[in-house]
Amino acid sequence: MGQITTRLTCAAAAAVMALAAHGINIKDDVAIHGSVQTSFLFPENDPAINADPVDKKILFNTYADFGLVSKYVDAGFRFEFMKWPLPGYEKDFAGWGVPNIYVKGKYKGLELTAGDFYEQFGSGFILRTYEERNLGIDNSIRGGRLKVNSVNGMRLTVLGGVQRRYWDWFKHSQIYGADVEFYMEDYFKSLRDHGAAWMIGGSYVLKHEDEKIKKISGTDFGIRLPKFVNALDVRSRFNKGRFSLLGEFAWKGQDPSFDNDYTYANGTAYMLSGSYSKTGLSALVQVKRSENMAFRSQREMDGSSAMINNMPAFAYQHTYALASLYPFATQAADGEWAFQGSFAYTFKRKTPLGGRYGTKINVNASYIRGLDHRAPAQLGPNGTIWGTDGTSTSFFGLGDNYYHDFNIQIEKKLTPSLQMSFLYMNQLYNQTAVEGHGGDVKSNIFVLEGKYKFNKRLTLRAELQYLTTRQDQKDWAYGLVELTVLPYLMFSVSDMWNCGDTGTHYYMAGVTGNYRANRLMLSYGRTREGYNCSGGVCRKVPAYHGFQVAYSYYF
């Protein structure tokens, strides 16, 4: 990291000096921005919740971003300190340094970046690099990227580099890619005249990884792991008025890896999505079929690290505590059929169902099944499927039921000061498919939320939730009371109670303060063992108990 970091830092300084040398007033033409984010935990031993003993008195994650923006040159870096990280992160996550630094030049629709950057092609089927601090994910690319936005009706991106994994980069594996999108309304006047927009896009990604022989355990045989893996993506989106339709297909070449038991089958993904929206009404329907689409910089890694791509989740992302108790993680390697639909409608004021203030109803449904995997006709050495084409599937065949979620939410304003929300959710969660144990968890969840506004400054919000199931730890209850005093303070107390099996209470009390660009949160209590998920990617969080401090500042 040292040489490239030094070069990029010098380049950033040189850019600022060059602006000054050409008579540009840095104060007037250059904007400086950044942020500081830090989270502390002072852990306490708590055998009642099976919290792992911690030999450190304090654990914390800290990030500091600094950026410079000007007309022609941007530059920035990020400092991270996670020598004693918060619970649940992988061992290699611990460390500190400057893992992200970049210089970007901009001129007449051209943009050239050197250093660390994030990129996504299409829906992310073959390339998505991003940062998600709550999950401990940062799979940025260190290298170069060129974006061309100067050609009418076309957007082009070309990139290459190595991918980050915690405090190192995959020096024996490189990623190269290109993405282009054509906006046909810029070429055809008839589309513009009818208020329509039509995009056609395509992407290509090449992974180069050092070639090697993977020895099959217990035998004298080995399989050759390919030096190059190709991936393609084509897509088209059409918008007209209130209607939008997107279709996308991705293909990944032979890529034997830890995820697919070192087999040589190709990977595929298909997606079709349609939506309609107008004032007071919206609808969305999506379907996706994916198979063998786990794509890593280093094929022998596991977990969420080293992922080049990301398969989007087709499960509704809930914010209520018990509704998100069993979140679904996308099964990129084994594949899945996923269906999702949502419908929202607002009954107008002064109608039988709308009443005096109107009524909003949201209906969402997700249904996810595995593929009908069938064993190969011939096994490899030692009875494994290593070196074969893997299991076979029929395109429309369905396997195990992985997940379903049907929920309906009603929001109703009863008086000028009082607003109520009700949620009912029916869920099936295949714990074996996601976590490797436990079987199916079938649950019904009820949520009642009320918000009362005393005046412009003072608002009281409360939640009552109940989850009932005969599996896993059985029934749960949850209560929350939150008082907001604008514009500076918010107080909250909550308790998640396992009233079906263990009888354990997970209590929490906190206060949050905001002042200008500063935000400080203090809390004390217990956190249940579970999964923290975002976009279908999940991180297991162990149970812990203690005093927490979170601070952020933006400038």
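Let's start with a pair of opposite charges: the side chains of glutamate 80 and arginine 164 meet in a salt bridge, with N and O 3.1 Å apart. This pair connects distant parts of the chain, since glutamate 80 sits in strand β3 (residues 73-82) and arginine 164 in strand β9 (residues 154-165), 84 residues apart. Keep in mind that this is a predicted model.

Is glutamate 80 buried or exposed? Glutamate 80 counts as buried because its relative accessibility is 2%, under the 20% cut-off. Arginine 164 is buried too, at 4%.

Another pair is arginine 299 and glutamate 209. Arginine 299 lies in the loop between β18 (281-291) and β19 (336-347), while glutamate 209 is in strand β12, so this salt bridge ties together parts that are 90 residues apart in sequence. Both arginine 299 and glutamate 209 are buried.

Aspartate 168 and lysine 171 make a salt bridge as well. Here aspartate 168 is partly exposed, at 40% relative accessible area, and lysine 171 is exposed, at 54%.

| Salt bridge | Closest N and O atoms |
|---|---|
| Glutamate 80 and arginine 164 | 3.1 Å |
| Aspartate 168 and lysine 171 | 2.8 Å |
| Arginine 299 and glutamate 209 | 3.4 Å |

The count comes to 38 salt bridges. Shared partners join some of them into one network of Asp65, Arg78, Glu80, Glu131, Arg133, Asp138 and Arg164.

Now for the nonpolar side of things. A surface patch of about 850 Å² is made by residues including Phe182, Trp198, Phe243 and Tyr276. Strands β12 (196-209), β16 (243-252) and β17 (267-278) each supply at least two of its residues. Phenylalanine 243 is found in β16 and is partly exposed, at 39%.

Conventions: Residues numbered from 1 in each chain as written. Predicted model: local features only at pLDDT ≥ 70, side-chain atom pairs only at ≥ 80, totals over all residues. Heavy atoms only, no water. Patch = residues over 30% accessible without salt bridge, like charges linked within 9 Å, V, L, I, M, F, W, Y side chains within 5 Å. Areas by Shrake-Rupley, 256 points an atom, 1.4 Å probe, with all protein chains shown as cover. Salt bridge = Lys/Arg side-chain N within 4 Å of Asp/Glu carboxyl O. Helix = DSSP H or I, 4+ residues; strand = E, 2+ residues; numbered from the N terminus. Buried < 20%, exposed > 50% of the residue type's maximum accessible area, 1.4 Å probe, protein only.
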